[in-house]
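Colleague: Could you take one part of this model and walk me through it slowly? I'd like to hear what sits against what, and how you can tell.

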Amino acid sequence: MNHWADELTQAASSPFEEAEAFSAIQAAATALGFEGCCFWWRTPLPVTQPKLTFISNHPQAWQRRYQEAGYIHIDPVVLHGHLSQQPLLWTDELFATTPTLRAEAKKHGLIHGWSQAKQGFYGLRSMLSLTRATHPITVEELAAKQPKMSLLVNMAHMLLAQPAPGDQRSTNTQLTKREIEIMKWTVDGKTVAQVAEILLISTDTVKFHIKNAMAKLDAPNKVTAAVKALTMGLLA
């Protein structure tokens with residue numbers, strides 16, 4: 001394994017400040033031949049407005065412009081990251097529907113790029129992008145470096161992707177077997193009476209387990225509890 005990979009592996013098993021961790025990721029990106037490094041992660045809750053957090057060494061002027069123009073909502077790289085974990089090579093064709101974004105990014109040195117997303121525990125999703133201003137990323141380079149680049153994606157997720165403060169309970173919340181069963185049926189849209197019939201238990205028993213699950217998940221109702229349990233990976 002590379003020296004930087006060894007260091008990141010060790011760092012992942014010990015407390016690490018965000019800036020320190022990103023600095024280590026950036027150093028690894030440099031070792032792989034990239035100048036720019038951008039990482040974002042998205043928490044699954046609230047479902048209607050999931051929080052997206054960025055950390056990047058891209059020029060400050062570009063970061064401000066990206067935010068002011070609302071490019072995050074149309075960036076094909078970000079949109080790809082929400083849907084797929086497949087590696088993505090930046091091309092002019094990729095940005096065909098967003099030519100202004102592409103042109104402005106190029107002016108700030110974001111010309112050649114590669115990105116890959118990672119879906120982790122508790123519904124956390126992240127994406128790492130590596131960029132440079134010169135030298136296109138060739139097929140030969142990808143064949144040689146992509147395994148290391150994908151390893152860096154995993155390490156970045158381990159070091160940087162963190163639940164939002166309100167979601168911290170997701171790391172230690174545990175549901176009983178019966179609560180999981182009932183939450184699964186609730187996600188599928190079953191009523192209390194239907195769940196009781198399916199599981200051959202009383203409606204009062206179903207309500208009892210739903211109440212307990214709601215308390216554990218800090219949810220105001222059974223639907224929210226079921227969605228939280230699903231996004232936190234508790235119903236697998």
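**A close look at helix 5 and helix 7**

Modeller: Helix 5 is followed by glycine 109, whose phi is positive, near 90°. Keep in mind that this is a predicted model. Let me stay with helix 5 for a moment and then move on to helix 7, with a stop at strand 1 and the cysteines at the end.

Helix 5 covers residues 99-107, and Leu101, Arg102, Glu104 and Ala105 in it are buried. Part of what covers those buried residues is helix 3, residues 60-68. Arginine 102 is a nice one to click on. It belongs to helix 5, and it counts as buried because its relative accessible area is 9%, under the 20% cut-off. So what is around arginine 102? Setting aside neighbours within four places in sequence, arginine 102 is in contact with Trp90, Thr91, Asp92, Phe95, Leu110 and Ile111.

For the bigger picture, the chain has 10 helices and five strands. Of its 236 residues, 43% count as buried. If you take contacts between residues at least 6 apart in sequence, 61% of them join residues at least 24 apart.

Now helix 7, which runs over residues 177-187 and packs with helix 8, residues 192-199. The angle between these two is about 125°, and their axes are 10 Å apart. Helix 7 and helix 8 are therefore oblique to each other. Their crossing is right-handed. On the helix 7 side you'll find Arg178, Glu181, Ile182 and Trp185, and these meet Val195, Ile198 and Leu199 in helix 8. By class, the contact of helix 7 with helix 8 has five nonpolar residues, two charged ones and no polar ones.

Next, turn to helix 9, residues 203-217. Helix 7 packs with helix 9 at an angle of about 95°, with the axes 9 Å apart. That angle falls in the 65 to 115 degree range, so helix 7 and helix 9 are roughly perpendicular to each other. Here Arg178, Glu179, Ile182 and Met183 in helix 7 meet Val206, His209, Ile210, Asn212, Ala213 and Lys216 in helix 9. The residues of this contact between helix 7 and helix 9 divide into five nonpolar, two polar and three charged. Arg178 and Ile182 are worth highlighting, as they turn up in the contact with helix 8 and in the contact with helix 9.

Then there's helix 10, residues 222-231: the axes of helix 7 and helix 10 come within 9 Å and cross at roughly 105°. That makes helix 7 roughly perpendicular to helix 10. In this contact, Met183, Thr186 and Val187 in helix 7 meet Lys222, Ala225, Ala226 and Leu230 in helix 10. Sorted by class, the contact of helix 7 with helix 10 gives five nonpolar residues, one polar and one charged.

Met183 deserves its own view. Methionine 183 lies in helix 7, and it is buried because its relative accessible area is 0%. Leaving out neighbours within four places in sequence, methionine 183 is in contact with Leu175, Ile210, Ala213, Lys222, Ala225, Ala226 and Leu235. Pick lysine 222 from that list: methionine 183 and lysine 222 are 39 residues apart in sequence, yet 8.1 Å apart in space, C-alpha to C-alpha.

Now over to strand 1, residues 36-42, where glycine 36 is found. Glycine 36 is buried, with a relative accessible area of 8%. Apart from neighbours within four places in sequence, glycine 36 is in contact with Asn57, His58, Ser129, Leu130 and Thr131. There is a link back to where we started, too: the C-alpha atoms of glycine 36 and leucine 110 are separated by 7.5 Å, although their positions lie 74 residues apart along the chain. Leucine 110 is also one of the contacts of arginine 102.

Last, the cysteines, since you may well wonder about disulfides. A search of the whole structure finds zero of them. The sulfur of cysteine 37 has its closest cysteine sulfur in cysteine 38, 7.6 Å away, and a disulfide needs the pair within 2.5 Å, so that is too far for a bond. Both cysteines are tucked away: cysteine 37 is buried at 0% relative accessible area, and cysteine 38 counts as buried at 10%.

Conventions. Residues are numbered from 1 along each chain as its sequence is written. This is a predicted model: local features need pLDDT of at least 70, side-chain atom pairs count only at pLDDT 80 or more; totals for chains, interfaces and linings use all residues. Side-chain values use heavy atoms; hydrogens and water are left out. Buried means under 20% relative accessible area, exposed over 50%, partly exposed in between (1.4 Å probe, protein chains only). Axes are lines fitted to C-alpha atoms, for helices over the stretch in contact, and angles run from 0 to 180 degrees between N-to-C directions. Helices (H or I, at least four residues) and strands (E, at least two) are DSSP runs, numbered from the N terminus. Angles under 35 degrees count as roughly parallel, over 145 as roughly antiparallel, 65 to 115 as roughly perpendicular and the rest as oblique. A crossing is left-handed if the near helix is turned anticlockwise from the far one by less than a right angle, and right-handed if clockwise. Contact means heavy atoms within 4.5 Å. Ala, Val, Leu, Ile, Met, Phe, Trp, Tyr, Cys and Pro count as nonpolar, Asp, Glu, Lys and Arg as charged, and the others, Gly among them, as polar.
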